[in-house]
Each structure stands twice: as structure tokens, then as C-alpha cells.
Amino acid sequence: MKALTWHGKGDIRCESVPDPRIEDGRDAIIKVTACAICGSDLHIYGGIIPGMEHGDVLGHETMGEVVEVGSANKSLKVGDRVVVPFTIACGECFFCKRGYFSGCERSNPNKGAAEKMWGYSPAGLFGYSHTLGGYAGGQAEYLRVPFADAGPIKVPDGLTDEQVLFLSDIFPTGYMAAEFCNIQPGDTIAIWGCGPVGQMAIRSAFMLGAEQVIAIDTVPERLAMASAAGALTLDFLDEDIYDRIRDLTNGRGADACIDAVGTEAEPRSSAYAMIDRIKTATFMGTDRPHVLRQAIQCCRNFGTVSIVGVYGGFLDKIPMGSAINRGLTFRMAQTPVQHYLPKLLERIEKGEIDPSFVITHTASLEDGPDLYKTFRDKADGCIKVVLKP
Ligand SMILES: NC(=O)c1ccc[n+]([C@@H]2O[C@H](COP(=O)([O-])OP(=O)(O)OC[C@H]3O[C@@H](n4cnc5c(N)ncnc54)[C@H](O)[C@@H]3O)[C@@H](O)[C@H]2O)c1
Ligand SMILES: [Zn+2]
Ligand SMILES: [Zn+2]
């Protein structure tokens with residue numbers, strides 16, 4: 001089959017790889033009908049995710065049609081149409097039972113590597129390094145889905161692939177980011193990053209009752225999309241973000257701040273952001289946490305900082321003095337997607353949101369390598385890419 005494979009920093013290819021096979025009774029194989037490129041894939045493309053090997057198949061936002069099921073799998077049958085969560089979870093362990101699917105303790109066969117870095121291992125992920133399981137991803141014609149009787153959600157025929165595909169990751173992620181804020185009537189939520197995740201967070205914050213959403217980025221079409229959803233937009237290259245948020249919140253700060261940027265904040269964001277860039281390039285630092293620092297400073301006393309932008313290692317110069325003295329709450333996670341699927345599918349079915357609004361580019365798998373570059377460079381108005389194998 002054809003698949004998108006990783007061959008080093010900036011080198012992604014569409015090439016032939018062996019077809020996946022059933023390896024466990026609970027598995028299913030799906031024929032991929034749509035998959036997408038995520039901001040998290042850009043960290044792999046940029047060469048900053050450890051544990052990648054030449055030829056690894058990428059992709060963790062995937063849906064398709066079941067073409068084969070393992071003998072122990074009683075919940076799926078050939079022909080079912082399913083969306084696959086990016087987090088691989090057994091559905092039965094200590095964490096899965098509590099709804100913390102992205103903490104599943106049975107889905108990462110390479111736990112040791114993750115434990116060395118992070119103390120304990122999270123769940124395995126599709127197409128996201130050997131540290132997180134070494135699972136082949138779904139930017140491919142076929143995908144093996146482990147624990148397929150627990151993870152994937154069946155979707156009704158009335159909905160298009162474009163409407164439901166983002167249940168695999170960015171819609172639950174943006175929704176969780178907003179849910180973490182515990183939004184009360186009258187609240188102002190400030191959101192850094194108007195990429196696909198930020199866009200889902202903006203709409204989710206309004207769905208959950210935010211009165212004012214302040215959206216921060218610098219890319220004109222991303223700010224325009226945020227504005228179309230009702231957000232007040234700020235350009236971090238033109239405006240002083242702290243001063244503007246202070247003005248917009250009666251001098252008090254935002255009730256909650258969402259970091260939907262993560263470790264690759266734009267180096268031009270500030271002098272510190274540029275220093276972070278130099279430190280990571282010279283192996284003196286692991287991350288570029290400009291946005292997290294700013295989100296903490298801009299949050300009101302006893303407010304919440306909700307982090308969904310991904311960080312990898314040990315972050316420097318985080319203003320913990322500000323956080324402890326002012327009683328901030330931190331919430332963060334790789335999204336336990338399975339926990340959110342039923343209620344978010346219901347919201348789509350009821351027409352409360354149509355996540356396809358974010359798609360700007362639809363193409364074939366062969367166009368994938370070029371579109372990774374387009375998406376990374378924010379060229380050609382690109383906000384979200386969907387590939388149809
Ligand atoms: N927690 C999870 O489960 C989860 C799931 C999906 C994605 N993610 C992460 O979420 C993040 C965003 O993903 P995406 O797909 O939207 O990516 P993206 O790269 O398209 O979007 C990031 C946006 O941040 C903007 N940005 C850069 N510096 C900024 C600054 N100083 N202030 C404000 N905005 C700034 C960029 O211009 C860009 O529009 C990534 O780190 C990704 O890894 C996390
Ligand atoms: Zn993702
Ligand atoms: Zn589990």
C-alpha cells in the first residue's frame with residue numbers, strides 16, 4: 001500500500017510499504033477514506049520528536065471503512081464506518097476505566113523509553129515515534145487499529161467524512177481546552193494560536209458559554225477565521241498582548257488562558273522567544289515556551305491556564321512565582337479522545353458545530369509531502385489539510 005513515511009527532518013515521502021495485518025484478536029484493519037495533517041505532525045517534520053526511525057508511517061487523524069476484524073473483536077464488523085482516536089487505549093486498565101484514555105498503561109509496548117524521559121509512560125499514539133509505541137500511522141491506504149473494540153466510534157451515514165474526521169483529534173482537543181477553563185457566565189477566555197486546534201478551542205469556548213474570546217496569532221487568514229467565529233483578534237507581532245488583554249478585561253486579566261501553540265512558538269514573538277530558539281538549536285534547551293509564559297502572566301488571579309499545545313521536555317523560565325502567588329490552576333493533557341467522542345458526535349449530529357469549516361486543502365496521499373510543507377509554512381492560505389487515499 002501507499003503511505004506517508006518519515007526519513008529525517010523535512011523529508012517526508014509517499015512510498016510503498018507492506019500492508020498492515022491483524023496481529024491481535026481485538027484488532028481491526030480499516031481502509032482509510034480520509035486523514036489529516038496535524039500541528040503535532042509538524043513537530044515530527046521539524047525533527048524535534050525523539051524516537052523516530054527511517055520509514056516510519058505517519059499520521060494520527062484517520063477514519064475509514066472496516067475491511068477486516070480480529071476474532072476477539074465483537075463490536076466491529078466489516079463495512080462499518082469509523083473514526084479512530086489518535087490515542088491508543090485498551091479500555092480496561094486503571095486509567096481507561098477512569099476515562100484517562102491517553103494515560104492507558106497497556107498500549108505503549110516501549111514504556112521504558114518514555115519512563116526515562118517523563119517518569120511514567122502515557123498511552124501509545126499512532127504514527128508518533130517509537131517512544132510512544134512505534135505504531136504505524138494513518139496517513140496511508142490502510143491502518144491497523146489495536147484495541148479496535150474499545151477505541152473507534154461508528155459514524156452515521158448522514159454525515160460526511162469532513163464533518164466527522166476531526167473527532168479523531170483536533171475537535172476533542174479544542175473542546176477539552178475550553179472545558180478545562182470551567183467557563184462561567186461573563187467569562188473572557190484568551191486563546192493563543194489560531195491554527196486548527198485554536199480554531200476548535202475558540203468555537204468550543206463559545207459553545208460552553210464564554211462571553212468574550214480573545215484570539216491571538218499573526219497569520220491574517222487564521223485571525224480572520226477566528227474573527228468569523230466571533231472572537232476579538234490580536235496580532236502578536238503588532239500589539240502588546242499583555243496590555244491589550246488587560247485593557248479588555250477591566251484591568252484584571254483573562255479568566256482563563258488557553259495555550260494552543262506549544263513548543264514551536266514563533267521566534268519573532270519576543271526577545272526571549274528568539275533566545276529559546278537559539279537554545280533549542282544548540283541543545284541547551286528542549287522547548288520554546290514563550291506562549292506558556294505569556295499565558296500565565298495574562299491570566300487573572302485564581303484563573304486557569306489550559307495547555308493543549310504540546311511540550312516535550314524541560315521548560316526554562318516559567319514564571320511559577322506568578323502562578324503560586326496568584327493561585328492559578330493548570331490543566332493540560334494529550335486528549336483522552338475516547339472520553340469525548342460520544343458527546344461531540346452528538347453535537348455534530350445536532351448541527352451545533354460543523355468542524356469541516358477549518359479545511360482549506362483537500363488532496364491525494366501523493367500530494368502529502370508537498371502539503372506538509374505548505375501547512376508548515378502557512379503558505380497558500382493553508383489552515384487544515386485533508387488527504388484522501
Ligand atoms: N494536547 C493534544 O492532545 C493535542 C492534539 C493536537 C494538537 N496538539 C498541539 O496543539 C498545537 C497546535 O496545533 P495546530 O494543529 O493548531 O498547529 P499549527 O502549527 O497550525 O498552529 C499553531 C499556531 O500558533 C501560532 N503562533 C505561533 N507563535 C505564537 C504566539 N507567540 N502567539 C500566538 N500564536 C502563535 C502560529 O502562527 C500558528 O497559527 C501543537 O503544539 C500541537 O502539537 C495537541
Ligand atoms: Zn494531532
Ligand atoms: Zn488502558
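This is a dialogue on reading the domains, the zinc site and some local contacts of a predicted model.

Biologist: Where do I start? How is the protein chain divided?

Modeller: Start with the domains. Domain 1 covers 2–169 + 335–387, and domain 2 covers 171–332. Domain 1 is thus written as two segments. The C-alpha centres of the two domains lie 25 Å apart.

Biologist: How many residues does each domain give to the contact?

Modeller: Domain 1 gives 29 residues and domain 2 gives 21. Here contact means heavy atoms within 4.5 Å.

Biologist: What area is buried between domain 1 and domain 2?

Modeller: About 2,400 Å². Carbon and sulfur atoms supply 68% of that area. On the domain 1 side, Y340, F357 and I383 lose the most area to domain 2. Together they make up 25% of what that side buries.

Biologist: Now the charged pairs. What is the general idea?

Modeller: Side chains of opposite charge can pair when their charged atoms come close. Across the interface of domain 1 and domain 2, the rule finds 1 salt bridge. E179 and K343 form a salt bridge, with their closest N and O atoms 3.1 Å apart. The same interface has 10 residue pairs in polar contact.

Biologist: Which elements give two or more residues to the side of domain 1 that touches domain 2?

Modeller: They are α1 (39–45), α3 (111–118) and α12 (337–349). Of these, α12 gives the most, with 6 residues. By class, that side of domain 1 has 19 nonpolar, 4 polar and 6 charged residues.

Biologist: How many salt bridges does the structure hold?

Modeller: It holds 22. One of the pairs is R106 with E92, whose closest N and O atoms are 2.9 Å apart. R106 sits in the loop between α2 (94–97) and α3. E92 sits in the loop between β7 (87–88) and α2, and the two residues are 14 residues apart.

Biologist: On to the metal. Which residues are the protein donors of the zinc ion (ligand 2)?

Modeller: Read a metal site by listing its donor atoms. For the zinc ion (ligand 2) they are C38 (SG), H60 (NE2) and D169 (OD). They lie 1.8 to 2.3 Å from the ion. Water is not among the atoms, so sites may look incomplete.

Biologist: What spacing do the donors follow along the chain?

Modeller: The spacing is C-x21-H-x108-D. H60 is in the loop between β4 (56–57) and β5 (61–69). D169 is in the loop between α4 (161–164) and α5 (170–179). These two are 109 residues apart, so the pair links distant parts of the chain.

Biologist: Next, helix ends. Which residue caps the N-terminal end of α8?

Modeller: Look for a side chain reaching the backbone at the helix start. D240 caps α8 (residues 241–248). A side-chain oxygen lies 3.1 Å from the backbone nitrogen of Y242. After α8 comes N250, whose phi is positive, near 55°.

Biologist: And loops? Where is V310, and what does V310 touch?

Modeller: Place the residue, then list its contacts. V310 lies in the loop between β15 (299–307) and α11 (320–325). Leaving out residues up to four places away in sequence, V310 touches S40, H43, G262, T263 and Q334. The C-alpha atoms of V310 and M332 are separated by 9.3 Å, with their positions 22 residues apart along the chain.

Biologist: One last loop residue: where is S356?

Modeller: S356 is in the loop between α12 and β17 (361–363). The side chains of S356 and D354 make a polar contact of 2.8 Å. With residues up to four places away in sequence left out, S356 touches E162, Q163 and F166.

Definitions and conventions:
Residues are numbered from 1 along each chain as its sequence is written. Chains are lettered from A and ligands numbered from 1 in the order in which they are written. This is a predicted model: local features need pLDDT of at least 70, side-chain atom pairs count only at pLDDT 80 or more; totals for chains, interfaces and linings use all residues. Side-chain values use heavy atoms; hydrogens and water are left out. Domain bounds come from an automatic or database domain assignment. Buried area is the accessible area (1.4 Å probe) that two parts lose on being put together, summed over both. A salt bridge is a side-chain nitrogen of Lys or Arg within 4 Å of a carboxyl oxygen of Asp or Glu. A polar contact is a pair of N or O atoms within 3.5 Å; within protein, one must be able to donate a hydrogen and the other to accept it, and residues adjacent in sequence count only if both atoms are side-chain atoms. Helices (H or I, at least four residues) and strands (E, at least two) are DSSP runs, numbered from the N terminus. Ala, Val, Leu, Ile, Met, Phe, Trp, Tyr, Cys and Pro count as nonpolar, Asp, Glu, Lys and Arg as charged, and the others, Gly among them, as polar. Donors are N, O and S atoms within 2.8 Å of the metal (3.2 Å for Na, K and Ca); water is not among the atoms, so sites may look incomplete.
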